[in-house]
Structure formats: C-alpha cells, structure tokens
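Open the model in your viewer and keep the selection tool handy. We will begin with the whole chain and then move to a small group of side chains.

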Amino acid sequence: MSDMPVLRVRDVRKRFGDHAALDGVNLDVHEGEVVTVIGPSGSGKSTLVRCVHQLESIDGGAMYLDGELLGYEMHRGHLRPLPDRKVAAQRGRMGMVFQQFNLFPHWSVLRNVIEAQVAVHGRRPEEAREEALRLLKRVGLAGKTDAHPRQLSGGQQQRVAIARALATQPRIMLFDEPTSALDPELVDEVLSVVLDLARGGMTMIIVTHEMSFAREVADRCVFMEEGRVVETGTPEEIFDNPASPRLQAFLSRFS
Ligand code: ADP
Ligand code: MG
C-alpha cells in the first residue's frame, strides 16, 4: 500500500432541502483495499458513492482521487467548479455499478462494453473490442457478446455492467447494492464476480445489504447511520465485536 489513498473523502456534507444526507463523512480507501459500506435504508450510502462519482454535488468538505481534488480547481486563489468535460474525465477514472444495471437496451452486450472506452477515453475501436471480449470472458459471458440486454437474466445484465465499468481501467470501482434488484437465485453469480475482482487487487467501495458478503469480501467495513460513519473496522471488529449500540442493533436484525 502506498501512503496516498486512491480515494480520500474529507468531512463531506450533502443536503437535500433541510435534510442532511451526508453529515461530515470521512473515508480513505487505499490501493487494493476493499471497503464495504453497510447501514440502514436512508443512512446515506448511495449518496456517498454518488457524490464520489460526481453524480451529486457536495455542499461541504472535499474529495480527492489520487490526490487530485474532485469537482473543483483553483482559479485566482479561489476554488471554482470544474467544467463538465473535466468532471467527465475524473468520472472516467472510476467505475460505477448501480442497482439497476443501466445498460443501453438497443445495443448488443459487446457494444455496451465497447462504447465508453471509445467515447470517453478515445481508445481505438479495435483495441476497445479486444478489451471488451477479454472482460466479458472474465465475467463469464463470452458466449453472449451479440445478445441484447433484454435477452439476458438480471444477473447476466449486471455482469455486463461490471465488465463495462472495468473496461475503462478505473482506479476505483464503486458498487451501489449491485444485487438488490436481482432474484435471489441470481445473487451469487454477481457476488462471485465481485469477489474475484477483490482477490485480483481491485480497489473498491461496495455498498451492500448482503451481510455475509460484506464480511467476506472486505478488508475494512464501514457502518453508516443518519449520514455519518458511526463505526469502521475490520470485518471481525464490525461483525463480531460491534462497539456502538446502533451497530449492535442493526446487526441483530440479520441474525
Ligand atoms: P441509502 O442508500 O443508505 O438507503 P440514500 O443515500 O439513498 O440512503 O439517502 C439518504 C437520505 O437522503 C434519505 O433520507 C433519502 O431520502 C435522501 N435522498 C437521497 N436522494 C435524494 C434526492 N435526490 N432528493 C431528496 N432526498 C434524497
Ligand atoms: Mg441506497
């Protein structure tokens, strides 16, 4: 692990109206580290990863990717918002996987994985195609390249979405409940792909309500409640020795 975290989140605040969805969140994620985020519904987990991916603006604090400030730049001694194309470039250095897979329905599986590489990263089409084929094989979909999303199960669609996110060689992968829209029998095929990425050294934040997975895959686990990080620790500390009564109460719902 190098000293500089891949991602640094410092005292980040986000309001929706007068509700504080994020109320001063701090989080560092180091190279190769897998951080899982657990917590009750409405605790700010999605807002956190959406802010990191710059799908939401923040109202306070700062975030850095490889030491570079996200979303803002210095201009004549003041911070000003980055122009859209620079935000897009920063976003392109992260991969995000949503609960709903968000594939383009009219494109083949292969094209879904090729497109961002060419459009956002200017990769040559032939090179993008090679990379897409390699990644689709990695997620177990080598035989589905010409299929359209509607012809696939939810688990297969989510694996395409993972391949698509990986195709731009992100510095960090962000997962927001990647299995919560899936039928129960399809959950494992997606989790095993995520686990494979973790073992391959990918840096990741994974929001999940699959508690046994959150424990198994994590180097570190973060418990959020009411827009705050209430507790953070190793999986053993979080799941076997929860310190705060709120985490104890949360975990008791799953046992
Ligand atoms: P979680 O992912 O932990 O369930 P969210 O991050 O989705 O929680 O939401 C945190 C809080 O922010 C909730 O109270 C939610 O209702 C609110 N919230 C999230 N997104 C929006 C939005 N776009 N507009 C208004 N309120 C929102
Ligand atoms: Mg959520």
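Start with the whole chain of this predicted model. For 255 residues, a compact globule would have a radius of gyration near 18 Å, and the chain has 18 Å, so the two agree. Show the C-alpha atoms alone: along the principal axes they fill a box of roughly 55 × 50 × 40 Å.

Switch to cartoon, and you can trace nine helices and 12 strands. Turn on contacts between residues at least 6 apart in sequence, and 66% of them join residues at least 24 apart.

Next, add the surface. Its accessible area is about 12200 Å², with 47% belonging to carbon and sulfur atoms, while 53% of the 255 residues count as buried. Colour by charge if you like: the 31 positive and 35 negative charges have mean positions 6 Å apart.

Now for the rings, where the count is three aromatic pairs. Select phenylalanine 223 and phenylalanine 250: their ring centres are 5.3 Å apart and their planes meet at 35°, so this pair is tilted. Phenylalanine 223 sits in strand E11 (residues 220-225) and phenylalanine 250 in helix H9 (residues 245-252), so the pair ties together parts 27 residues apart in sequence.

Are these two rings buried or exposed? Phenylalanine 223 is buried at 0% relative accessibility, and phenylalanine 250 is buried at 3%.

Add phenylalanine 254 to the selection. With phenylalanine 250 it makes an edge-to-face pair, 5.1 Å centre to centre with 65° between the planes. Phenylalanine 254 is partly exposed, at 43% relative accessible area. Keep Phe223, Phe250 and Phe254 selected together, as they form one aromatic cluster.

Methods: Residues numbered from 1 in each chain as written. Chains lettered and ligands numbered in written order. Predicted model: local features only at pLDDT ≥ 70, side-chain atom pairs only at ≥ 80, totals over all residues. Heavy atoms only, no water. Helix = DSSP H or I, 4+ residues; strand = E, 2+ residues; numbered from the N terminus. Rg over C-alpha atoms; globule rule 2.2 N^0.38 Å. Buried < 20%, exposed > 50% of the residue type's maximum accessible area, 1.4 Å probe, protein only. Contact = heavy atoms within 4.5 Å. Areas by Shrake-Rupley, 256 points an atom, 1.4 Å probe, with all protein chains shown as cover. Lys, Arg positive; Asp, Glu negative; His and termini not counted. Charge placed at Lys NZ, Arg CZ, Asp CG, Glu CD. Phe/Tyr/Trp six-rings, centres within 6.5 Å; stacked < 30°, edge-to-face > 60°.
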